[in-house]
Amino acid sequence: MRQIIFMKGFTPLEVQRHRRYDFYRKAQPPYDSVRVRTNPSLRLLTGFTIVELLVTVSIISLLSSVVLASLNSARTKSYTARAQQDLAEFRKAIALLEFDTNQAPNHHPIAGLPGSCQQDAETYLDETRAGIQATDGAFPRWAGPYLQSVPKDPWGNRYIFDPDYRCFNNEVGCGSGDYWARVVHSGGPNKSGINAYEADNIVLVLCRP
Ligand SMILES: [Ca+2]
Ligand SMILES: [Ca+2]
């Protein structure tokens, strides 16, 4: 009768252990609590020890952190690729703006003129003085919009036109070396703004002096 009760709701392995437990008790009266506690297979009958629970929780935490790190890395790669695509679209739009108006964003001389590549000052590409989606009225022969909408970068920040950007952190798009350049860029995962020359930025170089 006892075995029938044991078998209800238990897996075959548990039923087998119950039977071993029952046999062990009958074979060695009186009940030897020390031997039962130290027998690994019988010990499972009484549930998990606190050490086993802690080890299990630790393993689950470790696996979770590994999975999360992997997901974050994959997301950063995906966001970086998307930012690079957006920057390539900005380069095309700026080329059209320069072709029509003979001016770059923020009314800078176009990149091809001698000595014009590195200039001050910067602008966000969604501003009218950038001339990409709308004009501030100061671009001659402006025939845009050159992009129907100016996107935010994948981290929710504004893209930047910086005609005096310092590449020296091996950021994506800059490569190695230490030089100044005219670029369009995203502030990257840390969402930095204008004149933050940082390793997490995603950059597209338009010209170098
Ligand atoms: Ca700058
Ligand atoms: Ca940054």
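## Exercises on a predicted fold

Asn102 is partly exposed, with 13 other C-beta atoms within 10 Å. A residue counts as buried if 20 or more other C-beta atoms lie within 10 Å of its own, as exposed if 12 or fewer do, and as partly exposed in between, with C-beta atoms placed from the backbone.

The model is predicted: local features need pLDDT of at least 70, side-chain atom pairs count only at pLDDT 80 or more, and totals for chains, interfaces and linings use all residues. Residues are numbered from 1 along each chain as its sequence is written, while chains are lettered from A and ligands numbered from 1 in the order in which they are written.

**Exercise 1. Place Asn102: which loop holds this residue, and how far is Asn102 from Arg141 in space?**

Step 1. Find the loop. Asn102 sits between helix 5 and strand 1. Helices (H or I, at least four residues) and strands (E, at least two) are DSSP runs, numbered from the N terminus.

Step 2. Go to Arg141. The two residues are 39 apart in sequence. From C-alpha to C-alpha, Asn102 and Arg141 are 8.9 Å apart.

**Exercise 2. Take stock of the fold: how many helices and strands does the protein have, and which element has the lowest mean pLDDT?**

Step 1. Count the elements. There are five helices and four strands. Along the sequence they follow the pattern α-α-α-α-α-β-β-β-β.

Step 2. Check burial. Of the 209 residues, 22% count as buried.

Step 3. Check the confidence. pLDDT is the predictor's confidence in each residue, from 0 to 100. The average is 87, and 79% of the residues score at least 70. Helix 1 (residues 2-7) has the lowest mean, 49, and strand 1 has the highest, 98.

**Exercise 3. Build the sheet: in what order do the strands stand, and which strands stand at the edges?**

Step 1. Set the order. The four strands form an open sheet, 1-2-3-4, with antiparallel pairing. Two strands pair if DSSP finds at least two bridges between them.

Step 2. Find the edges. Strand 1 (123-124) and strand 4 (202-207) each have a single partner strand, so one side of each is left without a neighbour in the sheet.

Step 3. Walk across from strand 1. Two bridges join strand 1 to strand 2 (residues 160-167). Thr123 has Phe161 as its bridge partner. Tyr124 stands opposite Ile160.

Step 4. Carry on to strand 3. Strand 2 and strand 3 pair over six bridges. Here Ile160 stands opposite His185.

Step 5. Check the cover. In strand 2, six of the eight residues are buried.

Step 6. Add the helix. Helix 5 (residues 50-101) lies across strand 3 (179-186) and strand 4. Helix 5 runs at about 25° to strand 4. Axes are lines fitted to C-alpha atoms, for helices over the stretch in contact, and angles run from 0 to 180 degrees between N-to-C directions.

**Exercise 4. Find the core: which residues of the largest nonpolar core touch the most other members, and which element gives the most to this core?**

Step 1. Fix the term. A nonpolar core is a set of buried Ala, Val, Leu, Ile, Met, Phe, Trp, Tyr and Cys residues joined through C-beta atoms within 7 Å.

Step 2. Name the hubs. The largest core has 26 residues; Phe90, Leu125, Ile132, Val183, Val184 and Val203 touch the most other members.

Step 3. Trace the suppliers. Helix 5, strand 2, strand 3 and strand 4 each supply at least two residues of this core. Helix 5 gives the most, with six.

Step 4. Look around Ile132. Two residues are in contact if their C-beta atoms, placed from the backbone, lie within 7 Å. Leaving aside neighbours within four places in sequence, Ile132 contacts Ala93, Leu97, Pro105, Leu125, Gly144, Tyr146, Leu147 and Val150.

**Exercise 5. Inspect the backbone: which residues does each cis peptide bond join, and is Asn195 buried or exposed?**

Step 1. Recall the norm. Most residues other than glycine have a negative phi, and most peptide bonds are trans.

Step 2. Take the cis bonds. One joins Asp120 and Ala121, with omega about 20°. Ala121 lies in the loop between helix 5 and strand 1. Another runs from Gly144 to Pro145, with omega near 5°. Pro145 is in the loop between strand 1 and strand 2.

Step 3. Take positive phi. Lys191 has a phi of about 60° although it is not a glycine. Asn195, also not a glycine, has a positive phi of about 65°. Lys191 lies in the loop between strand 3 and strand 4, and Asn195 is found in the loop between strand 3 and strand 4.

Step 4. Check exposure. Lys191 is partly exposed, with 14 other C-beta atoms within 10 Å. Asn195 is exposed, with 12.
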